[in-house]
Amino acid sequence: MLSVQDAEAKIFQLVRPLHPEYDREWIPLDQACDRLLAAAVQSELDFPYWDNSAMDGYAVRAEDLVRCSAESPVALEVVMEIPAGHSPTQSITAGQAARIFTGAMLPKGADTIVIQERTQREGNRVLILERPEPKAWVRPKGDYYKAGSMLLQSGTRINAPEIAILATAQCTSIPVYRRPIVTLLSTGNELIQPDRPLQPGQIIDSNQPALAALVQQTGATVKRLGIIPDRPAELKAAIATAIAQSDVVISSGGVSVGDYDYVDKILSELGGTLHIQAVAVKPGKPLTVATFPNPDPKCDQPILYFGLPGNPVSAPVGFWRFVQPALRKLSGQPHSWGPMFVRAKTRQTLKADGKRETYLWGQLSLKADGTYEFDLAGGSHSSGNLINLSHINGLAVLNCGCTSIPAEEGVLVMQVGSVYS
Ligand code: AMP
Ligand code: MG
């Protein structure tokens, strides 16, 4: 059976990222939050766009003030006022100054700003009380970047700072990677939708809504095929439909060794290549990973198929450990595809059978001293019990061969959400 690390490496090998050209779309800047740039962005403008003042004060010529001090202030004639947003109407010459405000354009002739706290206004004159450093408080044109500079690299995730940068450079239409399309289906004769009356023996499909939320959080587009019974012909038709419309297909259930577990056989019959059929991980051993050639002959990206086990804990754990990293790589994110692990002190003793790499769910918190603590979720850690998954944000990892980590010892914890202190 494959180790978790080998399975992860195999999956990364199979994933081809979306193509920065063929898989690119242009979207308005105000819809670009959380998307990934599919091309580098350059500015056509210098920034600052023109010499401007960093403070409220007076625009002056430094050479007029070389002998200026508190004891012998220099008087300058104030010849104009320049509020932010105005273009100066004249130049200043020897002995002159312009009243100026933060962000306003410097007039021709001025090279320095004297902040208003170092001045005294007397009618149309201003007394300068201190010799300014030449060029003080001037933000020169192009000082932060010049026209033609690269502002953001391809693959950058667009967030508030990037939106501000793009707006400043007047980039209002943004080239981003399209969202990957992920189709979900649940297999099982026993399954019903959450809104149907429950009959004896039935089980409510909790995996599909949970997986839909998880996939959406990655930025992919979710398509849902609903529940498909364990009848080979119907399942085969559904899987074929899913493959034809998706970059990635995720099914839950039907990948174990039971009499009704048809998924792997159907994947082979449909021409898929099975790369993984089981991983030494608990929960989630029966994991299927297959690929199909892309129906578009111009596209060398295979269609990925993940068959997650049906148990309601195995499905999300399998998603977090194996599917989410694959979706990150596929989406065009240039690095950091894998899960984040932190070392934490466990508050409880952690136990495993040692046969497979075991993931125990709980809460990771950041303490005031900057270290992490892991609190094991109470109750049963059975893969069929989803109730204590609520509020969790970490999975403690016990490697193969490890049967116990005593309380107060260090453990590696995989993050699966945000960590609050
Ligand atoms: P399977 O992987 O198909 O053998 O299913 C394993 C267990 O998970 C069985 O008890 C199923 O009833 C349950 N199960 C399968 N699919 C789902 C689902 N979509 N939602 C909740 N439980 C499920
Ligand atoms: Mg089943």
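# A chat about domains, a sheet and some rings

Guide: Let's start wide: the centres of domain 2 and domain 4, taken over C-alpha atoms, are separated by 39 Å. This is a predicted model, where local features need pLDDT of at least 70 and side-chain atom pairs count only at pLDDT 80 or more, while totals for chains, interfaces and linings use all residues. Residues are numbered from 1 along each chain as its sequence is written, and side-chain values use heavy atoms, with hydrogens and water left out.

Visitor: Thanks! Which residues belong to which domain?

Guide: The assignment gives domain 1 as 4–21 + 178–331, domain 2 as 24–47 + 144–177, domain 3 as 52–139 and domain 4 as 341–419. Those bounds come from an automatic or database domain assignment.

Visitor: Tell me about the open sheet. What order do the strands come in?

Guide: The order is 16-13-17-21-20-18, 6 strands in an open sheet with mixed pairing. Strands here are DSSP runs (E, at least two residues), helices are DSSP runs too (H or I, at least four residues), and both are numbered from the N terminus. Two strands pair if DSSP finds at least two bridges between them.

Visitor: And which strands stand at the edges?

Guide: Strand 16 (221–228) and strand 18 (273–276) do; each has a single partner strand, so one side of each is left without a neighbour in the sheet. On average, neighbouring strands of this sheet are turned by 20 degrees against each other, direction ignored. Axes are lines fitted to C-alpha atoms, for helices over the stretch in contact, and angles run from 0 to 180 degrees between N-to-C directions.

Visitor: How many bridges join strand 13 to strand 16?

Guide: There are 6, and strand 13 (residues 181–187) runs parallel to strand 16. In that pairing, S186 stands opposite I227 of strand 16.

Visitor: What does helix 4 touch on the sheet?

Guide: Helix 4 (residues 232–244) touches strand 13, strand 16, strand 17 (248–252), strand 20 and strand 21, and its direction makes about 170 degrees with that of strand 13. Contact means heavy atoms within 4.5 Å.

Visitor: I spotted P232. What is P232 in contact with?

Guide: P232 is found in helix 4. Leaving aside neighbours within four places in sequence, P232 is in contact with Y262 and I266. P232 and I266 are 34 residues apart in sequence, yet 7.4 Å apart in space, C-alpha to C-alpha.

Visitor: What about helix 1, where does that lie?

Guide: Helix 1 (residues 4–14) lies across strand 18, strand 20 (288–292) and strand 21 (303–308), and runs at about 145 degrees to strand 18.

Visitor: Which residues of helix 1 are buried?

Guide: V4, A7, E8, I11, F12 and L14 are. Buried means under 20% relative accessible area, exposed over 50%, and partly exposed in between (1.4 Å probe, protein chains only). Seen down the axis of helix 1, the buried residues fall within an arc of 160 degrees, so they line one face of the helix. That arc is taken from the directions from the helix axis to the C-beta atoms. Their cover includes helix 6 (314–330) and strand 24 (357–366).

Visitor: Changing topic: how many aromatic pairs does the structure hold?

Guide: It holds 5. One of them is F12 with W337, a tilted pair at 5.4 Å centre to centre and 50 degrees between the planes. Rings of Phe, Tyr and Trp (its six-membered ring) pair if their centres lie within 6.5 Å; planes under 30 degrees apart count as stacked, over 60 as edge-to-face and the rest as tilted.

Visitor: Where do F12 and W337 sit?

Guide: F12 is in helix 1 and W337 in the loop between helix 6 and strand 22 (341–346), so the pair links distant parts of the chain, 325 residues apart. F12 counts as buried at 16% relative accessibility, whereas W337 is partly exposed at 22%.

Visitor: Which residues form the aromatic cluster?

Guide: F47, Y49, W50, Y144 and Y145 form one cluster. F47 also takes part in a cis peptide bond, to P48, with omega near -5 degrees. P48 lies in the loop between strand 2 (41–42) and strand 3 (52–53).

Visitor: Last one: is Q170 buried or exposed?

Guide: Q170 is exposed, with a relative accessible area of 60%. Its phi is near 60 degrees, a positive value in a residue other than glycine.

Definitions and conventions: Chains lettered and ligands numbered in written order.
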